[in-house]
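Here's a quick tour for the bench. Have the structure open and follow along.

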Amino acid sequence: MTTPHLAEVEQVRALAIRLAREAGAVQRRRYETALQISSKSRAIDLVTEVDRACEQLIVETLRRERPGDDILAEEGGAHEDGGAAWRWIIDPLDGTVNFAHGYPFFCVSIGVEHAGIRTVGVVYEPLRDELFDAMRGGGARRNGEAIRVSTAATVQRALLATGFAYDVHDSPVDNLDLLTRAVKAAGGVRRDGSAAIDLCYVACGRFEGYWELKLHAWDVAAGILIVEEAGGRTSDLAGGPVPADGREILASNGILHDDLLRLLRG
Ligand code: IPD
Ligand code: CA
Ligand code: CA
């Protein structure tokens, strides 16, 4: 498949931004209102009516405006792999547990691939009205201004972030040994509950690094491109490419990447 024309990439980016803002507006309106909340894979794996409403809004618009594209959306509204050139990977509400508790840290994440290559990424945090976006080869931005990763060069000064999968109560692969090593070595470690925002905060220099296990494609599809276009590095915990299903990721400012790989591997 050939490289897409810049004009088409720009169109895809503009649509992703519009959709992220529209879904974000729904989240802002429904924040701290009474919600219907249910569980998915585990009791702690929540979904609200707002996750579903945001997904429906995004998927229906895409089906109308870009009927030929493939869509992968977390809540099951679309799961297509029809061999289309463009594929939209959507987390309609990343940070659902936060949203359900009224904790102000959640977003919409939309990543778009062309011929399997991450080409556009948009993450919108509605309460802060912060929109992160990136285009392959075109840099990364926050609210339209170019962003870069931090230049901190020691783990001791680094602020890191991580998260835990919903099987943390019953799986032995629970990320706790990695957390212990990071807490003992880093300047600080946060667990804020939205993988997509964590990645954007690496991209704009708020965090020096972020790692997590057992994520999904929709958690990282936008954020990986945003980190890389901001000058950062992403990999699995062995230093190879992040698996497409997001099951293992380290994102960093690049400078600290090898040190963090060594630290997390133990
Ligand atoms: C979750 C968040 C969280 C991470 C979990 C994800 P969701 O996504 O990104 O930070 O620790 O692993 O599943 O369920 O809120 O979309
Ligand atoms: Ca998610
Ligand atoms: Ca989600």
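Before the sheet, one bit of vocabulary: two strands count as paired if DSSP finds at least two bridges between them. Also keep in mind that this is a predicted model.

## The sheet

With that in hand, seven strands make up an open sheet, running in the order β3-β4-β5-β6-β7-β8-β9 with mixed pairing. At its edges sit β3 and β9 (145-146), each of which pairs on one side only.

Zoom in on β4 and its partner β5 (residues 107-114): they pair in the antiparallel sense, over seven bridges. One spot to look for is D94, which stands opposite C107 in β5.

## Helices on the sheet

Two helices are worth picking out here. Helix α2 (residues 49-65) packs on the sheet and touches β3, β4 and β5. The direction of α2 makes about 160 degrees with that of β4.

Helix α1 (residues 6-30) lies across β4, β5, β6 (117-125), β7 (130-135) and β8 (140-142). Relative to β6, α1 runs at about 30 degrees.

## The calcium site

Which protein residues hold the calcium ion (ligand 3)? Its protein donors are E74 (OE), D91 (OD) and L93 (O), at 2.2 to 2.4 Å from the ion. Along the chain, those donors follow the spacing E-x16-D-x1-L. E74 and L93 link distant parts of the chain: E74 is in the loop between β3 (70-73) and β4 (86-94), while L93 is in strand β4, 19 residues apart.

There's a second calcium ion (ligand 2) to look at, 3.7 Å from ligand 3, and D91 coordinates both.

Back to E74 and L93: are they buried or exposed? L93 has a relative accessibility of 1%, so it counts as buried, the cut-off for that being under 20%. E74 has a relative accessible area of 22%, so it comes out as partly exposed.

## Helix α6

Now move along to helix α6 (residues 217-229). This helix has 13 residues and reaches 18 Å from its first C-alpha to its last, close to the 18 Å expected at 1.5 Å a residue. Still, α6 has a kink of about 25 degrees, centred on G223.

How much of α6 is covered? Mostly covered is the verdict, with twelve of its 13 residues buried. Among them are W218, D219, I224 and E229, along with G223. Just after α6 comes G231, which takes a positive phi of about 95 degrees.

Methods:
Residues are numbered from 1 along each chain as its sequence is written. Chains are lettered from A and ligands numbered from 1 in the order in which they are written. This is a predicted model: local features need pLDDT of at least 70, side-chain atom pairs count only at pLDDT 80 or more; totals for chains, interfaces and linings use all residues. Side-chain values use heavy atoms; hydrogens and water are left out. Donors are N, O and S atoms within 2.8 Å of the metal (3.2 Å for Na, K and Ca); water is not among the atoms, so sites may look incomplete. Helices (H or I, at least four residues) and strands (E, at least two) are DSSP runs, numbered from the N terminus. Buried means under 20% relative accessible area, exposed over 50%, partly exposed in between (1.4 Å probe, protein chains only). Contact means heavy atoms within 4.5 Å. Axes are lines fitted to C-alpha atoms, for helices over the stretch in contact, and angles run from 0 to 180 degrees between N-to-C directions. The expected span of a helix is 1.5 Å times one less than its number of residues. The bend at a residue is the angle between axes fitted to the seven residues ending there and the seven starting there.
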